[in-house]
Amino acid sequence: MIKIFATEEEVADAIAREMKEHLSHEHPVFCLASGSTPQKSYLKFAGDAEIHARIQQLKIVSLDEWAGISRESEGSCYQMLNQDLFSLVHLDPRQIEFFDGTAPDLEQECLRIDRFIDRHPITFSLMGVGMNGHIGLNEPGCPMLDHSSVVDLSETTKTVAQKYFRQPTALDRGITLGLSQVADSKRVIVAVTGERKAGIVKEIFTNSEAKLPAQELLGYEHIDFFLDSEAAKYIKQR
Ligand SMILES: N[C@@H]1[C@@H](O)[C@H](O)[C@@H](COP(=O)(O)O)O[C@@H]1O
C-alpha cells in the first residue's frame with residue numbers, strides 16, 4: 001500500500017513509531033537502509049527514552065555496503081548508520097552483523113550474512129529508494145535474488161553516492177542483500193521523501209515496463225511505501 005504523508009517529518013514520526021513497535025517482537029532483527037532518507041526517523045527513534053530499556057534484544061543485519069570502503073570510513077553504509085543510530089542507542093557491536101566491504105573474499109562475505117539471516121530472520125526492514133529506483137544496491141534490471149551478491153554499481157549510483165563522502169571517492173561495486181531477502185522480512189517500509197525523488201516515484205507507480213527494483217516490492221500485504229507529499233507530487237491524483 002502507498003501511504004502519503006503531508007511532510008517528511010510525519011513520515012519520520014510514523015517510521016520511528018513502527019520501529020518502536022517492532023522492538024516488541026520476541027527476536028527483533030532489523031535491516032535498515034543508510035542514506036539521507038531515514039536519518040530523521042532514526043533520530044526520532046533514538047530520542048525516545050522508552051526504547052532504551054528494550055533495545056538489548058535487537059539485532060541489526062546489514063542491507064548493503066560499498067566494496068572497498070571500510071566500516072570506519074565516513075560515507076560507508078556502516079558509518080552512516082553508526083552516526084545516525086547505532087552510537088545514539090549504544091548498540092553493542094555484537095548486536096550488529098554488517099557486510100565488510102574490505103573483506104578479502106566478498107562472495108564469502110555474502111555467505112556469512114546469508115547464514116546469519118537463515119538463523120535470524122529479519123522481522124523489520126526499512127528501505128530507501130535510490131534516484132534510479134534501486135533498493136539496497138540492487139540496480140535496475142537485477143534479478144529478484146534470495147541471497148546476497150556482489151554487484152556492479154550503475155553510473156547514477158556512483159555519482160549520487162558522492163554526497164556521502166567528503167572527497168571524491170571511486171566506487172565500482174557494492175555488496176547487497178537480494179530483493180527476495182528484503183521482501184521476506186516480516187514487515188517492510190519503503191520510505192521516499194523529497195521533491196528530487198518525485199520523478200522516480202512516478203516511474204515506480206506508473207511505468208510497469210521500467211523494471212525498477214523498487215517495483216519488485218509492490219503488491220505485498222506486508223510492504224508499505226511511505227511517501228511525503230513532495231515525493232508523491234506526480235501521483236497524488238491517482
Ligand atoms: N545504498 C544506499 C541505499 O541503501 C539507500 O536506501 C539509497 C537511497 O539513499 P538516500 O536516502 O540518500 O537517497 O541509496 C544508497 O545508495
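**The ligand and its surroundings in a predicted model**

Biologist: Which residue offers a polar backbone atom to an oxygen atom of the ligand, and at what distance?
Modeller: In this predicted model, the partner on the ligand is an oxygen atom. The protein side of the pair is a polar backbone atom. The residue is Ser 36, at 2.8 Å.

Biologist: How much of the ligand does the protein bury?
Modeller: Start with the ligand taken alone, which exposes 390 Å². With the protein in place, the buried part of that area is 97%.

Biologist: What is the distance from the side chain of Thr 37 to an oxygen atom of the ligand?
Modeller: Thr 37 is among the residues that come nearest to the ligand. The side-chain atom in this pair is N or O, and its distance from the ligand oxygen is 2.4 Å.

Biologist: Which residue has a polar side-chain atom 2.8 Å from an oxygen atom of the ligand?
Modeller: The residues that come nearest to the ligand are Thr 37, Asp 64, Lys 163, Tyr 164 and Lys 197. The one with a polar side-chain atom at 2.8 Å from a ligand oxygen is Lys 197.

Biologist: How many residues of the shell around the ligand are charged?
Modeller: There are 17 residues around the ligand. By class, six are nonpolar and seven are polar. The charged residues number four.

Biologist: Where does the ligand sit?
Modeller: The protein buries 97% of the area that the ligand exposes when taken alone. Its place is the largest cavity.

Key:
Residues are numbered from 1 along each chain as its sequence is written. This is a predicted model: local features need pLDDT of at least 70, side-chain atom pairs count only at pLDDT 80 or more; totals for chains, interfaces and linings use all residues. Side-chain values use heavy atoms; hydrogens and water are left out. A residue is near a molecule or strand if one of its heavy atoms lies within 4 Å of it. A polar contact is a pair of N or O atoms within 3.5 Å; within protein, one must be able to donate a hydrogen and the other to accept it, and residues adjacent in sequence count only if both atoms are side-chain atoms. Accessible areas come from the Shrake-Rupley method with a 1.4 Å probe; for residues, only the protein chains shown count as cover. On a 1 Å grid over the protein atoms alone, a cavity is a set of points where a 1.4 Å probe fits but cannot get out, and a pocket is an open set with protein on both sides within 12 Å along at least five of seven lines; lining residues have an atom within 4 Å of a point. A molecule sits in a cavity or pocket if more than half of its atoms lie within 2 Å of its grid points. Ala, Val, Leu, Ile, Met, Phe, Trp, Tyr, Cys and Pro count as nonpolar, Asp, Glu, Lys and Arg as charged, and the others, Gly among them, as polar.
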